[in-house]
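Here is a short report on charged groups and one strand residue. Look over the sequence and the model first.

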Amino acid sequence: MQVVVLAGGQGTRLRPWTLTRPKPGLMLLDRPLLAHVLDLFPSDAITSVVVAAGYLVDDLRSILDEHRLPWPVKVIKEEEPLGTGGALHNMLDDLEDRFICLNGDVLCGFDGAEIIEAGLKHPKAEAILAVREVEDTQRFGIIEFMPDGTTIAAFKEKPRPHETTSRWASAGCYMLTRTAIERLSTGVSSLERDLFPRLASDEHAFGVQVEGEFVDAGTPESWIEAVALAISRSHDRDGSSGDVWIHPESVIDPETRITGSAIGAGVQIAPGSMIIDCDIQAGAIIESECRLERCLIGPNVVVEQGTQLDGAVLA
């Protein structure tokens with residue numbers, strides 16, 4: 001099945017990392033973030049990937065060419081921000097009759113095959129949404145169900161507690177049809193505000209209740225969560241041990257204490273340093289007696305001797 005990834009943002013909350021590299025192309029362990037997003041589905045379930053991007057598009061193309069994902073990948077440029085609906089309408093000519101749509105910075109812990117199976121059960125559905133239970137409805141698009149527990153009765157974007165009794169939130173993974181996207185007008189539009197409520201009122205949308213971790217890797221704090229999730233999924237690969245992933249080409253003094261962190265290729269860490277819940281990217285040098293906690297250290301950055309940082313993002 002075709003997978004469409006919405007990745008039009010500039011990743012401003014991850015600056016300075018994203019000043020020179022698009023967020024979907026940021027390295028998470030030894031692969032771009034986009035590759036981890038696509039891990040939601042079995043590799044053989046994906047036939048092609050289309051990415052809607054609006055920032056450092058040529059750089060993203062180069063990164064994806066370098067890392068060679070196992071499917072044909074096409075990156076379509078947005079000349080201006082179009083919203084989640086407008087981005088899909090902008091690529092109508094490239095959409096298959098039915099496709100999966102994902103947010104480009106959300107790592108999901110459920111099995112994406114559940115969405116595909118739901119599509120087989122509801123062949124005429126125009127939208128099938130993965131939904132998860134949440135506590136705070138004001139942060140998410142909330143789905144209200146018909147009595148059958150599957151047909152979506154209403155979609156409410158970030159309602160206040162008194163505006164809904166539901167706790168089922170959109171998980172940012174959808175199966176959509178090309179005909180549904182054709183309902184949207186050209187230009188800026190939103191799936192959440194302009195399409196899903198209409199499909200719900202027509203009873204053409206269904207929900208699949210899923211469980212698992214969900215990480216929106218859009219802030220330094222949540223990027224560290226994404227690192228932890230990626231490490232937990234990588235235990236059958238070189239470099240992973242407990243809550244740490246260390247590239248085999250790194251050089252680390254045996255006295256270094258490392259917990260909850262990812263250490264990229266060519267990283268050098270001198271004696272006496274402590275690395276806690278960090279992402280140290282390829283080629284970085286950490287000199288002796290440093291203490292880094294919840295830090296993002298970009299490629300080839302040099303952290304000088306005795307530095308102590310908490311929550312820093314360096315590029």
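## Charges and a buried glutamine

Asp136 has a relative accessibility of 33%, so Asp136 counts as partly exposed. Asp136 sits in the loop between strand E8 (127–133) and strand E9 (141–145). Together with Glu133, Glu135 and Glu211, Asp136 forms a negative surface patch. The model is a predicted one.

Now the paired charges. The whole structure holds 12 salt bridges. Among them are these three:

| Acidic residue | Basic residue | N to O distance |
|---|---|---|
| Asp39 | Arg31 | 2.5 Å |
| Asp93 | Arg178 | 4.0 Å |
| Glu293 | Arg294 | 3.1 Å |

Take Asp93 and Arg178, which meet in a salt bridge. This pair links distant parts of the chain, 85 residues apart. Asp93 is in the loop between helix H3 (83–89) and strand E6 (98–103), while Arg178 is in helix H5 (residues 178–182). Asp93 counts as exposed because its relative accessibility is 75%, over the 50% cut-off.

Asp39 is partly exposed at 36% relative accessible area. Its partner Arg31 is also partly exposed, at 24%.

Is Glu293 buried or exposed? Glu293 counts as buried, since its relative accessibility is 17%, under the 20% limit. Arg294 is partly exposed at 40%. Glu293 and Arg294 form a salt bridge. Shared partners join Arg291, Glu293, Arg294 and Asp310 into one salt-bridge network.

Finally, the glutamine. Gln2 lies in strand E1 (residues 2–7). At 2% relative accessibility, Gln2 is buried. Beyond its neighbours within four places in sequence, Gln2 contacts Thr47, Ser48, Val50, Asp94, Leu95, Glu96, Phe99 and Ile100.

Key:
Residues numbered from 1 in each chain as written. Predicted model: local features only at pLDDT ≥ 70, side-chain atom pairs only at ≥ 80, totals over all residues. Heavy atoms only, no water. Helix = DSSP H or I, 4+ residues; strand = E, 2+ residues; numbered from the N terminus. Buried < 20%, exposed > 50% of the residue type's maximum accessible area, 1.4 Å probe, protein only. Contact = heavy atoms within 4.5 Å. Patch = residues over 30% accessible without salt bridge, like charges linked within 9 Å, V, L, I, M, F, W, Y side chains within 5 Å. Areas by Shrake-Rupley, 256 points an atom, 1.4 Å probe, with all protein chains shown as cover. Salt bridge = Lys/Arg side-chain N within 4 Å of Asp/Glu carboxyl O. Lys, Arg positive; Asp, Glu negative; His and termini not counted. Charge placed at Lys NZ, Arg CZ, Asp CG, Glu CD.
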